[in-house]
Structures are given as structure tokens and as C-alpha cells.
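Reader: I am in my first year and would like to take a close look at one part of this structure. Could you take me through the place where the two domains of a chain meet, slowly and in connected sentences?

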Amino acid sequence: MPATDIAIVGFAQTKSERAATPSEVQLLVPTVTAAIARAGIDRREIGFTCAGSCDYLTGGPFAFVSNLEAAGAWPPISESHVEADGAWAMYEAWMRLQEGDIDIALAFGSGKSSPSNPSEVWAQQLDPYYLAPLGLDPVSLAGIQARALLDSGKATERDFASVVARSRRQAAGNPNAQLADASASEDALLAEPYFRAPLRKHDCPPISDGTVAVVMARGDTARRLCDRPAWIRGMDHRVEAHQPGVRDITSSSSTALAARKAGYDGGPLDLVELCSTFSPQELILLESLGLSSAAASGSLSVNPSGGPLAGNPIMAVGLIRIIEAAARIIDGSANRALAHATSGPLLQQNLVCLLEGE
Amino acid sequence: MSNEKCAIIGVGQTHFKKRRDDVSIAGLLREAIDRALDDAELSIRDIDAVVIGKAPDAFEGIVMPEIFLADAVGATNKPLLRVHTAGSVGGSTCVVGAHHVITGIHGTVLAVAWEKQSEGNAQWGLAGGRSGGIGAGGAFAPWMRAYIEQSGSPDYIGWMVAVKDRRNAAKNPYAHLKMPDITLETVRDSPMLWDPIRFQESCPSSDGACAVILTNEAGAQRSSKPAAWFHGLSVKSELSNFPGRNPVKPQAGVECAHDVYRQAGITDPRSQIDMAELYVPFSWYEPMWLEGHDIAGPGEGWKMVDDGTTDLGGDFPVNPSGGVLSTNAIGASGMVRFAEAALQVRGLAGEHQVEGARTALAQAYGGAANYFAMGVLRSSAPE
């Protein structure tokens, strides 16, 4: 992994909403515009653009083509699209920037889950021969994972509630959050009924619509555009085998591997933004990253934005983790942060981005 | 930092057919991947990262199918990146794979693109998932008519392209439609689908996959076979529909071509490029792209077809593989252009080899002709 001098200099996101009235591209246009404005650049200075979205959420093949409007593709631009969370679009744009012929790149992610039934859509992501016919939806799968975690003795239901209570409280300070509660308590949460045992409804993410955009720049351009850029020290993503039955679903080996490949050496972090879509996954990810004790001691801030439990616009939610971490470096409240995005059932694929101030 | 050189050292294709009921989706991909690894004299353990491309997921009815294919494509514990840029996706996937190598992030990368169209209804998918759609042919037909009108081309030019490509396909063991005996009359007398496109001037719907192995200079030196070196690569997109757009010669296509020519030091593409694999799903797109990428001047593209210049034995062969007109597993089609261009400059194209091909142009387009991915490949490494 070569060292890079690429930083985040601008970003924007929409507030997560259960059902946003505007179309996906209508949500995207102001987000992209705001990210570009925040970076203080002219749109024409962008040398490469990459978008991330999922046709199936909109329910129409080629749905992503409409999003080109948000990229402002006239005159023609160098542009690509990943069928993945915007975090992977950012990865491609970050990679493209390393060639040195361009100085600024834009990435964005967008998704509206509200027009469809996410449980039906994501059940179609599973192996079509062996798993999809079972009709396993993400919540049922997460229930299996939660049960495995409890059975392993690594966590208790109170630990799950603790993750949620902290998410709700921290989300109270996040204007983009969908679910927040400054007075959330573990005891009140544990009094709720099971939804998919051992998960309660609050252990699961909300259904959200939302968009996110990020502007990256190289070296001196980044320093010129931003007083305190969030430097991307490393970025990597890894995938595991698909079948949950052949994985240890109580840990995330691909997250640990991606973190190592991204250059994370186990040193101190100020904060971590994890794409823990279900509460037990936060515990799994922290342990896999070797951060459980730092999180427990309070020396590490975990999901200060509230995380995906506070707002889960699929295809944007991973990139939102990265910009939430970057925002705290840019504003000076943090100096070293790790952000994470995920894809596939039960943390099958994971991306890690290591960010630092200068 | 200095960039790495990037070469294609392995190419693998499935046999393309209307239905590949003999294999699962995973089996289809492995057929192409295993051939590419054999060609590169490597095993899956030598691959550092996998880039995968296909057109809309609705074609097969699986959301982000690379997720379930992760093991089958050998991506376990590696990076797996899914590209989707409409019909150009196979080309874009190859370009994204090359960037992995050029940046030095990874040494050897597998890029694979596929479609198993028999799993679903491609015409429904191409109509954006709406019933009663006009299909891809219906969308492109008015622009082909406009080309004919503007260029003064005779009507038989489209038939000639179809005859050439189907006869070329008969020399390509992996092609879907092989018609060694097709004549102008066969094409002329076939039913009109979308005026000016007749049945025999339209691409088929195929199942298949294509894989390439991309590597750096050190990787290329380890192989005993010739490599195809990237001298230029580019992707360009423009909005699909707005007043003032020229859909017959889209500006993104012009700029994408000029970008790769500039990178490769090409000032006269017609004389400095030996052959081209262009994305021609409907016959008229051959002269349209010859002009659209400034290989021929305005109104001159059809004359290169008419005088046999684009024939396999001509001075500027186009689609010696038989092209998209003969084989169209949509997600794979763009990558097949790059793979076939690589085979040509490596001198490994077999019966459809262009004599002395040293510089090849690969092109893929998609959407409403608003997505482009192009590459220039040569038999020798860049300076």
C-alpha cells in the first residue's frame, strides 16, 4: 500500500428520513452541490467522479443513470459507478486520484429504501440456489448472528441495549439523525418486546432515505481548500465467503484484515464510526478491530453520530460513516479516526478508512 | 509517485450461447476465469484483487450478485469491487481493474464481466423495468436513421456490417452466432425490427462471461507469453438527454477517444491503429463509431465499410471477433472488446487474427450512448 497524500476537503449529507418526498436524484443534487460548495471549488475542477447506488432499491434497472444529473455531466466528465455503498465509490475515486494526473475527485452514494420493502429486496441478495429460497431477510439473519454472539458468551442482551442507548443519546446531537433520544436508557430498552428474538426493534436500523457526497483533493490542493483536511492514511476493503454457515459470524475477519491493510497499527484512535447496522454488530466490529477495551473505558468515542441505528440510508450509510469521522478531524475535535462500511449479509464485506489530521 | 505500467497477460471467455443451462452463474464465471488464469499461467492464489462488472441486476433477479459469487470468483479475503456503468460496464470494469495496477495498490488483478440473460427478460430490463418498452433497438433507431440521413449512406451498409461480423464470428470459437454462409440477401430479407434495423442487423441475447488478468511490469515478465500493454485508457460520461445533445456523435465518445489517443501518442488514428474492437450492437453503429471516434471524417465512416477497409483482411479491421452483433451477454460485451483487442496485439487471436496487429483500440458504450470506456493496447510496453 503506497503512502498517499489525499484528503477529504468537503462533504455533505441529507437528513435521514423514513420516506423522503423528492426522488433519489432530487435528494442528491443539493447534497453534491453542498459538498462542492463546502470544498470551495468549481465543479469543473473535479477530475473524476464516482457514484454508488443500488438499482434494486429504486426497483428499476439502470436507475443509477438518473443520478448522473447530480454529477453535472455536461460537458462530459470522467465518471464511473459502483453497484455498492458510496464508500466503495469513494475507494475508486481515491484510487484514481493516486495516479497524479488529477487533483480533485468527487464521490457520492444514494439510496431510497422507502419505495420498496427492504426485507424483500435484501432477501434477493442471498445465494439464489441455496439461501434465497429460504426467504431469509436481513433482520432474521441478524437475529441468528445475535443469538450466536449470546451463545458464544461474548455479549449479553444488556450489551445490545447499551449500544442502542448510547446511539440514541449521541444521535440527539446529530441534526441528520432519524432516531434520537437524549434520555435513552438500557432498562427502558430491555423492557421492550422481542422483534426477532433475541433482537428487539431498537436493535435493528430504521428504514431510511438519504444521500451523501464527499470531495477529495491531493496534497497542496487539499491544504489550499481546507484549513485542516482529513487525510486518508489508508483505505482497504475485503470480502469473506458468502454462506454464513462457513464463517464465524461472531467475529469479522475481513474487517480486521481491511484495517491492517489500510495501515491501522492498533495505535490510539479518538473515534471510530462503524457501519454496525444491528446493535450486536458494533460489539463484533469493536472486538475484531481490537477496540473493545478502549470503547469500554470511554477513551474511544464510538459512533458519535449515532451510527446506522440512528439513520440507515442504504448505499449512503457507509460513506456517511467516513464523512462523520472526517468532519470531526476537520473541526479539530479529533485527530485520528477509523471509519468502516459494510456490504452483504452479516458483515460479509467490509471497508476501512483510516483518517488523520495534520 | 510514479505509476506502474499495466498489461493484460491472460484472457478467458466462455462459449457464448442463448442459454447456458449446463452451468450455474458461478460455473459460468469460473469457466471464463479459469481460462484467463490458464492463459496467464497463474492460479487464483496469485490474484490480489477482483473487479467484477455486469449490467442491471434485474437481468438475473439477484441483488448485487457478486456478494454470493465472492467465493466462486476467488475473492475471499481479497478486495472485490463491483462496477455498473450500463452497457459500457465490461469496458469500465477492465479500466477500473487497470487502475488498481497502475496505482501500484495491487500487483495482479482479475477483472471479470458477465451476464446470464436467459435467467430473466433482457428486453424488460432494457426498458427500465417497464412493460411495453421500446427496447434498446427502439431507442437507438432514430439516431441510426439520423446518421443515414446526415451521411448519405446507402442502405446496404448496415447489411454489409452484419455479413462481415457474422462471418468473422464463424472464425471465433467462443462466438454465439456463427453464420459463415450469411449473405447480403439474408440480411436484407430478414424482418424489420426497428427501422432501419432488420433482425439480422441486431445483436443476440447471450449467456456468457469474459475475464482478463491485469498485471504490472514484473508480472508481465513472469509470463512466457506476449502481453498486451495499456497505452491509454479512459472513461467519459455525459447526460443522456437534453436539448443540444448530439446523440449521433456524442461528445463524451469524442472526448473519450481523444483522451486515449493523446495518452498513446496517436495523432492519426486511422493510420496509427491497426484494428479496433468497437461496441456495435446494431449494424449502423460501426460507421457511426468510426466517425464518432474521429477514425473517419464526417460522412466517411460508411465508405470504410463499403470498400472493405473494416473487413478482417482490410486495412482497418473492425470486430474480427464477430463483435457484439454476434455475441452479446450485455455485461460481458464491453470486456470482450478489450479482451479481443488484447488477443490481437498478443498475436493469439487464432483464425480471426489480424496480420501484424501491434496497436489495437477497444471501445465500449452504454446507456443512451452516454457512457464510454476506451483503451489503446499495444504489443510493446510504454516507454
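**Where the two domains meet**

Author: In this predicted model, the domain assignment divides chain A into domain 1, made of 6-117 + 207-231, and domain 2, made of 123-206 + 233-356. The contact between them draws on 41 residues from domain 1 of chain A and on 40 residues from domain 2 of chain A, while the centres of these domains, taken over C-alpha atoms, are 23 Å apart.

Turning to area, domain 1 of chain A and domain 2 of chain A bury about 3100 Å² between them, and 64% of this lies on carbon and sulfur atoms. On the side of domain 1 of chain A, Trp88(A), Arg228(A) and Trp231(A) supply 24% of the area buried against domain 2 of chain A, which is more than any other three residues give.

As for specific pairings, there are zero salt bridges between domain 1 of chain A and domain 2 of chain A, whereas 16 residue pairs, both at pLDDT 80 or more, are in polar contact between these two domains. The side of domain 1 of chain A that touches domain 2 of chain A receives two or more residues from each of strand 1 (6-13), helix 4 (86-97), strand 4 (104-112), strand 7 (209-218) and strand 8 (230-239) of chain A. Sorted by class, the residues on that side of domain 1 of chain A comprise 21 nonpolar, 13 polar and seven charged.

Methods
Residues are numbered from 1 along each chain as its sequence is written. Chains are lettered from A and ligands numbered from 1 in the order in which they are written. This is a predicted model: local features need pLDDT of at least 70, side-chain atom pairs count only at pLDDT 80 or more; totals for chains, interfaces and linings use all residues. Side-chain values use heavy atoms; hydrogens and water are left out. Domain bounds come from an automatic or database domain assignment. Contact means heavy atoms within 4.5 Å. Buried area is the accessible area (1.4 Å probe) that two parts lose on being put together, summed over both. A salt bridge is a side-chain nitrogen of Lys or Arg within 4 Å of a carboxyl oxygen of Asp or Glu. A polar contact is a pair of N or O atoms within 3.5 Å; within protein, one must be able to donate a hydrogen and the other to accept it, and residues adjacent in sequence count only if both atoms are side-chain atoms. Helices (H or I, at least four residues) and strands (E, at least two) are DSSP runs, numbered from the N terminus. Ala, Val, Leu, Ile, Met, Phe, Trp, Tyr, Cys and Pro count as nonpolar, Asp, Glu, Lys and Arg as charged, and the others, Gly among them, as polar.
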